[in-house]
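Colleague: Please take one part of this model and go through it closely with me, explaining each term as it comes up. I would like to begin with a single side chain and then follow its surroundings outwards.

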Amino acid sequence: MPKVSIVVISHSKQLAEGIVELVSQTKQKDVVVAAAGGTEEGEIGTSVEKITNAVNEVYSEAGVLLLFDLGSAFMNAELAVEMLADMEGNLQIADAPIVEGTYIAAVEAGMGRSLEEVKIAAEKAKTWNKTNG
C-alpha cells in the first residue's frame, strides 16, 4: 500500500537536506522525503522547478505533503501545485513548523495515515508545547 510522500521546501538547500536527514531517523523506510531547497544557481531562495521536480520524484497514489519555511516558499509551493494540476487532489501544503511538522508527517505517513490526516498531524505541531511532551 502506498504511503504519503513529503517534500521539504526551504530557502536553504542545506536546511532542506538537513531536515530530510533528520527525518530519516524515524526509520520510516517506506516514506519518501525529498528536499527542494535553494535556487538552481545554488543561492538562497526557492524554485518552482525544484519543487515540481521533487514532487514528481516522490509522487505516490497516497499523495504528497509539502512543507515550507518562509512565505515566498509557500507562494512557490502554491504555484507548483497549480502547475501539477493533474495531481491536484493528491497534493497538499501544510502550514506547520518545517522541522517538527516534517518529522511528525513522516511518522504519521509511516503508520499509513491518509494525506489529510498527515497534514492535520503536521499542522498540530504549531500548538505543541512542553506540556504535550
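Modeller: E57 has a relative accessible area of 63%, so it counts as exposed; the word exposed is used over 50%, buried under 20% and partly exposed in between, with a 1.4 Å probe and protein chains only. This is a predicted model, in which local features need pLDDT of at least 70 and side-chain atom pairs count only at pLDDT 80 or more, while totals for chains, interfaces and linings use all residues. Residues are numbered from 1 along each chain as its sequence is written, and side-chain values use heavy atoms, with hydrogens and water left out.

E57 belongs to helix 2, which covers residues 48-58; helices (H or I, at least four residues) and strands (E, at least two) are DSSP runs, numbered from the N terminus. The C-alpha atom of E57 is 8.0 Å from that of A34, although 23 residues separate the two along the chain.

To place helix 2, we need the sheet, which is open, has four strands in the order 2-1-3-4 and pairs them in parallel; two strands pair if DSSP finds at least two bridges between them. Strand 2 and strand 4 are the edges, each pairing on one side only. Neighbouring strands are turned by 25° against each other on average, with direction ignored; axes here are lines fitted to C-alpha atoms, for helices over the stretch in contact, and angles run from 0 to 180 degrees between N-to-C directions.

Strand 1 is joined to strand 3 by five bridges in the parallel sense, and V7 stands opposite L66 of strand 3. Helix 2 packs on this sheet, touching strand 1, strand 2, strand 3 and strand 4, and its direction makes about 170° with that of strand 2; contact means heavy atoms within 4.5 Å. Helix 4 also packs on the sheet, where it touches strand 1, strand 2 and strand 3, with its direction at about 170° to that of strand 1.

On one edge, four of the five residues of strand 2 are buried, so this strand is largely enclosed by the rest of the structure. Five bridges join strand 2 to strand 1, and the two run parallel, with A35 of strand 2 as the bridge partner of V8. Between them the chain passes through helix 1, making a right-handed β-α-β crossover; right-handed means that, with the strands pointing away from the viewer, the path from the first strand over the helix to the second runs clockwise.

On the other edge, strand 4 (residues 91-94) pairs with strand 3 (residues 64-68) in the parallel sense over four bridges, and I93 is the bridge partner of L66. Here the chain crosses through helix 3 (residues 71-83), again in a right-handed β-α-β crossover. In a regular strand the side chains alternate between the two faces of the sheet. Strand 4 is covered on both faces, with L91 and I93 buried on one side and Q92 and A94 buried on the other.

Q92 has 17% relative accessibility, so it counts as buried. A polar contact of 3.1 Å joins its side chain to that of E116; such a contact is a pair of N or O atoms within 3.5 Å, where within protein one must be able to donate a hydrogen and the other to accept it, and residues adjacent in sequence count only if both atoms are side-chain atoms. Beyond its neighbours within four places in sequence, Q92 is in contact with V64, L65, L66, L115, E116 and K119.
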